[in-house]
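Me: Please take a close look at one residue of this protein for me, and then carry on from there through the parts you think I should examine. I am new to reading structures, so please explain your reasoning as you go.

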Amino acid sequence: MQTGERKLKILKAVVDEYIKSGEPVGSKLLCSTLGFPVSSATVRNEMAELSEMGLLTQPHTSAGRQPSEDGFRFYVDRLMEKKPLKSGVKAFVFDELHSRCDDPETLLTKAGDLTAQLLKAAAITTTPFSENARIRTLKFVQTGRQTCMVVLITSTGLIKTRLFKCDYVITPDIVNIYETIFNRDFEGVPVKSVTPAFIQTQAVGMGEIAFLVPSVLAAIMDACSEVGGFSMTVSGRANLLLDGENDAAALRGLTRLLHSDEELEALLLRLRTGKNILIGSDTGNEALGGYSFVAEPYAIEPTSGGFITAIVPMRYDYAYAVATLEYIAETVGKQMRELLMIE
């Protein structure tokens, strides 16, 4: 066995054992778990070199070694083995998300609750990022003799409403005309394209009819302007606050973070750079110094989707977290497409 390969096996064994026990790992214990013949002295030397590389730390001179933040990062990126999710857990998730969720908002809330429950973590679910959202359909609901409400439904499942008033009496036939005309002209249009200039162009193309519907066009534009960014739901805050991993000062910082939409949004946006696991300082947030941010994207369409995420202690079974989040995200994506009738 090459020296470099042996180091990697020892590092992996240290991280695996530390995740299980939470205690620094000694050379004698490693010799009994490595699965290949090696002396205790050799293991100690390799662990000392791994410490010099910044991948392991030693709490005090008489203790064994434990992974550093960089050690966890290296483990997650290069050494962690995938762990299949148990069939019973899959069946539970599938049942909860399919039998009890009839709309996208309920589905995402339930997905967050399941994530928090299964991982004993804080969980954050996001609505789909909406920069690529298109107008899926426009519905109109009469609310009075001269008032009506436009209901904008986007390709990402977002729903926005806007009231408008006309100078004439609105009838059911007029409502049907609204739906026919405006869905013909707006269906499939990117939401961000619905600007004042676009509305003006549409009005010109409508001819004399445009003089009867200026308030309708304005309401559609206003509804589109409200589609931006994403919204999120946080579940399981108490799971982190009661985990006993941090002191009072750290818990205060964590509590503040978990109630700050602005800071949580910043964290979620960091995920869009491509890393699905942010460990400690990777998060860019001091309150998460002893924690990790694990996420899995769900897809509605090739260019749209959101995240199912969990905040867990840095010492955590990442393979289990990834397997759980992958299945929940996969199930959410499929169920969302069914709810939105997307092929």
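Reply: In this predicted model, Gln66 is in contact with Val14, Tyr18, Pro24, Leu55, Leu56, Thr57 and Pro59, leaving aside its neighbours within four places in sequence. Gln66 is found in strand S2, which covers residues 66-67. Is Gln66 buried or exposed? Its relative accessibility is 18%, and since buried means under 20%, Gln66 counts as buried.

From this residue we can move on to the open sheet of 5 strands, whose order is S7-S3-S10-S9-S8, with antiparallel pairing. Strand S7 (232-235) and strand S8 (277-279) stand at the edges, and because each has a single partner strand, one side of each is left without a neighbour in the sheet. From one strand to the next, the twist averages 15°. Helix H13 packs on this sheet, where it touches S8, strand S9 (291-301) and S10, and the direction of H13 makes about 25° with that of S9.

It helps to follow the pairings one by one. Strand S3 (residues 122-126) runs antiparallel to strand S10 (residues 304-313), and 4 bridges join the two; in this pairing Ala123 stands opposite Ala310 in S10. S9 and S10 also pair in the antiparallel sense, over 10 bridges, and a hairpin joins S9 to S10 through 2 residues, with Glu301 standing opposite Ser304 in S10. S8 and S9 pair over 3 bridges, again in the antiparallel sense, and here Ile277 stands opposite Val294 in S9. S9 itself is mostly covered, with 9 of its 11 residues buried.

Helix H12 (residues 261-270) can be examined next, and its buried residues are Leu264, Leu267 and Leu268. Why do these residues line one face of the helix? Seen down the axis of H12, its buried residues fall within an arc of 100°, so they line one face of the helix. There is a general reason to expect such patterns, because an α-helix has 3.6 residues a turn, so residues three or four places apart point the same way. What covers the buried residues of H12 includes S3, S7, helix H11 (248-258), S8, S9 and S10.

The nonpolar interior comes next. The largest nonpolar core has 56 residues, and of these Leu30, Leu97, Ile308, Ile328 and Val332 touch the most other members. Helix H13 (residues 318-339), which was seen packing on the sheet, contributes the largest share of this core, 10 residues. If we set aside residues up to four places away in sequence, Ile328 touches Val93, Leu97, Ala111, Leu114, Thr115, Leu118 and Ile308. Apart from this core lies another, of 31 residues, among them Phe164, Val194, Val216 and Val227.

A further group of strands deserves the same patient reading. Strand S4 (residues 135-142) and S5 run antiparallel and are joined by 7 bridges, and they form a hairpin with 4 residues between them. Within this pairing, Met149 in S5 is the bridge partner of Val141. S5 also pairs with strand S6 (residues 159-165), in the antiparallel sense and over 7 bridges, with Ile153 standing opposite Ile159 in S6. S5 and S6 form a hairpin with 4 residues between them, and Gly157 in the turn has a positive phi of about 90°. Strand S5 (residues 147-154) is mostly covered, since 6 of its 8 residues are buried.

Finally, consider the cysteines. How many disulfides are there? For a disulfide, two cysteine sulfur atoms must lie within 2.5 Å, and by this rule the count comes to 0. Cys148 is in no disulfide, and the nearest cysteine sulfur, that of Cys166, is 7.4 Å away. Cys148 is nevertheless buried, with a relative accessible area of 0%. For Cys224, the closest cysteine sulfur is that of Cys148, at 16 Å, which is too far for a bond. Cys224 is buried as well, with a relative accessible area of 3%.

Technical notes:
Residues numbered from 1 in each chain as written. Predicted model: local features only at pLDDT ≥ 70, side-chain atom pairs only at ≥ 80, totals over all residues. Heavy atoms only, no water. Core = buried A, V, L, I, M, F, W, Y, C linked by side-chain atoms within 4.5 Å. Buried < 20%, exposed > 50% of the residue type's maximum accessible area, 1.4 Å probe, protein only. Contact = heavy atoms within 4.5 Å. Pairing = 2+ DSSP bridges. Axes fitted to C-alpha atoms, helices over the stretch in contact; angles between N-to-C directions. Arc of directions from axis to C-beta.
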